[in-house]
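Colleague: Could you take me through this model feature by feature, giving the general idea before the particular case?

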Amino acid sequence: MTDPSPDYVQSLGRGLAVIRAFDADHPRRTLSDVAKATELTRATARRFLLTLMELGYVRTDGSLFWLTPRVLELGYSYLSSLSLPEVAGPHLETLATRVHESTSVSILDGADIVYVARVPVSRIMTVSITIGTRFPAFGTSMGRVLLAGLSESAFEKYLAEVTLSPLTDRTVLTTEQLREQVRRTRDNGYCLVDQELEEGLRSIAAPIRDHTGTVCAAVNISTHAARYTADSVSVDLLPPLLTTAAAIGNDLARVHNRA
């Protein structure tokens, strides 16, 4: 982590770290767990947890702590300011109905993609994907599409800071391999990732462009390897995917022009 700026508010950063200590794998934690996960002392972690309880973001039974649904308000303010999920939703529904596979839209946030819209058709991953789910960009089709939309300097900065860790035995694990994959994605205008995020999962993604032509999001179709070969994904799923990406971009431009 880089040194914080002079304007950095340490207490706010620590409070958010306490909230982030809870996730799908750790929905309930003891005080000691929270302190360890956030690298805070028990006394400091306790003060933050009690403050969050007073604000209604955390509950406890005396030994375990957990988040309340009120935490969703923190993300809702951001999502409600976006036209993207509202615009993309009907297009994802149409695409999912056409191809009978799950469809999603995500944006890039740091080194991760974040899902902002999704139409699930069947459960094909071991983890449940919902709005706000994050995955490392390097191992996903939407991530590589979004990385391909970065400037060269921003992409090189990403490569210098990212830690490439194996998600499956197929995951690209060197910066040179990833650089080549992103270059190919930029040239082709789409990206196919074959079982790099999870065994048995194939995903193809395309960029969504805003009114300036800048890549602002990515849309994908995910399928099980038993249903489509890598070649058939490109032949059968890519054309409707590209059509959907263009349609979402066109609607975003219309929304912007009306604003």
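Colleague: Is Thr41 buried, partly exposed or exposed, and how is that class assigned?

Modeller: This is a predicted model, and burial is read from relative accessible area, where under 20% is buried and over 50% is exposed. Thr41 has a relative accessibility of 49%, so it counts as partly exposed. Thr41 lies in the loop that joins α2 (31-38) to α3 (42-54), and its C-alpha is 44 Å from that of Val121, with the two positions 80 residues apart in sequence.

Colleague: What is unusual about the backbone at Glu39 and at Gln195?

Modeller: Most residues other than glycine have a negative phi. Glu39, although not a glycine, has a positive phi of about 60 degrees, and a positive phi of about 60 degrees is also found at Gln195, again not a glycine.

Colleague: Where do Glu39 and Gln195 sit, and is each buried or exposed?

Modeller: Glu39 is in the loop between α2 and α3 and is exposed, its relative accessible area being 74%. Gln195 belongs to the loop between β7 (191-194) and β8, and at 8% relative accessibility Gln195 is counted as buried.

Colleague: Which residues touch the most other members of the largest nonpolar core?

Modeller: In soluble globular proteins, nonpolar side chains tend to be buried together. Here the largest nonpolar core has 27 residues, and those touching the most other members are Leu84, Val105, Ile208, Val219, Leu241 and Ile248. At least two residues of this core come from each of α5 (84-99), β4 (102-109), β5 (112-119), β8 (201-209), β9 (215-224) and α9 (230-258). There is also a second, separate core of 26 residues, with Val145, Ala148, Val182 and Leu197 among them.

Colleague: How should I read the crossing of α6 with α8?

Modeller: The crossing angle is taken between the helix axes, and values of 65 to 115 degrees count as roughly perpendicular. The axes of α6 (residues 141-148) and α8 (residues 175-188) come within 8 Å and cross at roughly 80 degrees, which means that α6 is roughly perpendicular to α8. In this contact Arg144, Val145, Leu147 and Ala148 of α6 meet Leu178, Gln181, Val182, Thr185 and Arg186 of α8, and the contact residues comprise five nonpolar, two polar and two charged.

Colleague: Where is the predictor's confidence lowest, and where is it highest?

Modeller: Confidence is expressed as pLDDT, which averages 91 over the protein, with 93% of the residues scoring at least 70. Helix α4 (residues 72-80) has the lowest confidence, at a mean of 65, whereas α6 has the highest, at 98.

Definitions and conventions: Residues numbered from 1 in each chain as written. Heavy atoms only, no water. Core = buried A, V, L, I, M, F, W, Y, C linked by side-chain atoms within 4.5 Å. Buried < 20%, exposed > 50% of the residue type's maximum accessible area, 1.4 Å probe, protein only. Helix = DSSP H or I, 4+ residues; strand = E, 2+ residues; numbered from the N terminus. Axes fitted to C-alpha atoms, helices over the stretch in contact; angles between N-to-C directions. Parallel < 35°, antiparallel > 145°, perpendicular 65-115°, else oblique. Contact = heavy atoms within 4.5 Å. Nonpolar A, V, L, I, M, F, W, Y, C, P; charged D, E, K, R; others polar. pLDDT = per-residue confidence, 0-100.
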